[in-house]
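User: I am new to this structure. Please choose one part, look at it closely, and then work outward from there.

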Amino acid sequence: MRFPVLLASMLAAMTATAAEPKTALVIHGGAGFVPKDALSDADRRDVHATLNRALDAGNRILQDGGSALDAVEAAVLVLEESPRFNAGKGAVFNAKGGHELDASIMEGHTRRAGAVAGVTTVRNPIRLARAVMEYSPHVMLAGDGAEAFADTRPKLERVPNMWFDTDHRRRALEKAQREEASKSGARPLEDDAPKYFGTVGAVALDKQGHIAAATSTGGMTNKKWGRVGDAPIIGAGTWADERCGVSGTGWGEYYIRSAAAHDICARVAYRGDSLQAAAEEVINKVIPAMGGDGGAIALDREGNIAMPFNSGSMFRGWVRPDGSRGTAIHEDEPAR
């Protein structure tokens, strides 16, 4: 009788230690300086409600056993559809009075990735980025080429460029152009720091232990010459591998120059840094030392979440492995 009892005891111990697969999700709606008094109570409620809808969309997929890739796409889609954020419907205007949209998506365990830049008629650029990953031999398509590829994917919804127009983004363009006109002479990049960053993103961990990340943006207000920031650049604004995923939001030129998203995960992989330490070092030391600022969201395979920023505010939301969740805007704001 001793052996069956011992076997039963061992099986019970194995069952007890076999943890339920972890899932986690973290999202952002952009880092930048948004004064508290610039948001009305109604604005604040709407921002939190939209962040929660994005969390719901992604977390529902994760809880049903779906992939991290599907989860980040679903979360970003909600944010692209909201005029509150600088992506999709809420995209800023470029100097010509139009919209050029960028997005990228990456699956960590396969290192598959897709990205688009300078898109003008695709309603949801994150869907196009995923289509590039899945249906083209390339990683990144830009401008007219990205639009031509979109023509081959009939399920992608197309809209006229003016569909992305919003009154508050138009006012921001007019203000930026008035300020530009009032200045004389060329000025260095460091003097032209944008006052507000947009961008939306998501990082997810699924029940299979896989990580994915996605980022989407309208870029900088009054941008010129086909400017492309970090959001569609794999390793700069978006990265996912077996251990870690990151979506960045900030002054893109500095995220490109520091390969910010990849650097965070490289510190985890190669130096054994904790996710929090790696993210804090890159976002709050490396990038500011170069002259930039912003924030990022990061997630590791244990479900740890990091959300550093140094820009005064960052719209963000999270669902941790234990099911606890919250949304926040400012640094000292209680989670909702």
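Analyst: Start with K22, which is partly exposed at 37% relative accessibility. Buried means under 20% relative accessible area, exposed means over 50%, and partly exposed lies in between (1.4 Å probe, protein chains only). Some ground rules come next. The model is predicted, so local features need pLDDT of at least 70 and side-chain atom pairs count only at pLDDT 80 or more, while totals for chains, interfaces and linings use all residues. Residues are numbered from 1 along each chain as its sequence is written, and side-chain values use heavy atoms, with hydrogens and water left out.

K22 has a charged partner. It forms a salt bridge with E302, and the closest N and O atoms are 3.3 Å apart. A salt bridge here is a side-chain nitrogen of Lys or Arg within 4 Å of a carboxyl oxygen of Asp or Glu. The two residues come from distant parts of the chain, 280 residues apart. K22 sits in the loop between α1 (2–17) and β1, while E302 sits in the loop between β9 (294–300) and β10 (305–306). Helices (H or I, at least four residues) and strands (E, at least two) are DSSP runs, numbered from the N terminus. E302 is also partly exposed, at 43%.

The structure holds 20 salt bridges. One of them joins K285 and E281, at 3.7 Å from N to O. These two are 4 residues apart in helix α9 (residues 275–290), so about one helical turn separates them. K285 is exposed at 53%, whereas E281 is partly exposed at 27%. Elsewhere, salt bridges with shared partners link D70, E73, R130 and E134 into one network.

Now go back to β1, the strand after the loop of K22. It belongs to an open sheet of 8 strands with mixed pairing, in the order β4-β3-β2-β6-β5-β1-β11-β12. Two strands pair if DSSP finds at least two bridges between them. The edges are β4 (140–142) and β12 (325–330); each has a single partner strand, so one side of each is left without a neighbour in the sheet. Neighbouring strands are turned by 5° against each other on average, direction ignored.

Take the β12 edge. β11 (residues 313–319) and β12 run antiparallel and are joined by 5 bridges. G317 has T327 in β12 as its bridge partner.

Then the other edge. β3 and β4 pair in the parallel sense over 3 bridges, and A117 is partnered by A142 in β4. On its other side, β3 pairs with β2 in the antiparallel sense over 6 bridges, with L101 opposite V119 in β3. In β3, 6 of its 8 residues are buried.

Two helices lie across this sheet. α2 (residues 41–63) lies across β1 (24–32), β5 (200–205), β11 and β12, at about 145° to β12. α3 (residues 68–80) lies across β1, β2 (101–107), β3 (112–119), β5 and β6 (211–217), at about 155° to β5. Contact means heavy atoms within 4.5 Å. Axes are lines fitted to C-alpha atoms, for helices over the stretch in contact, and angles run from 0 to 180 degrees between N-to-C directions.
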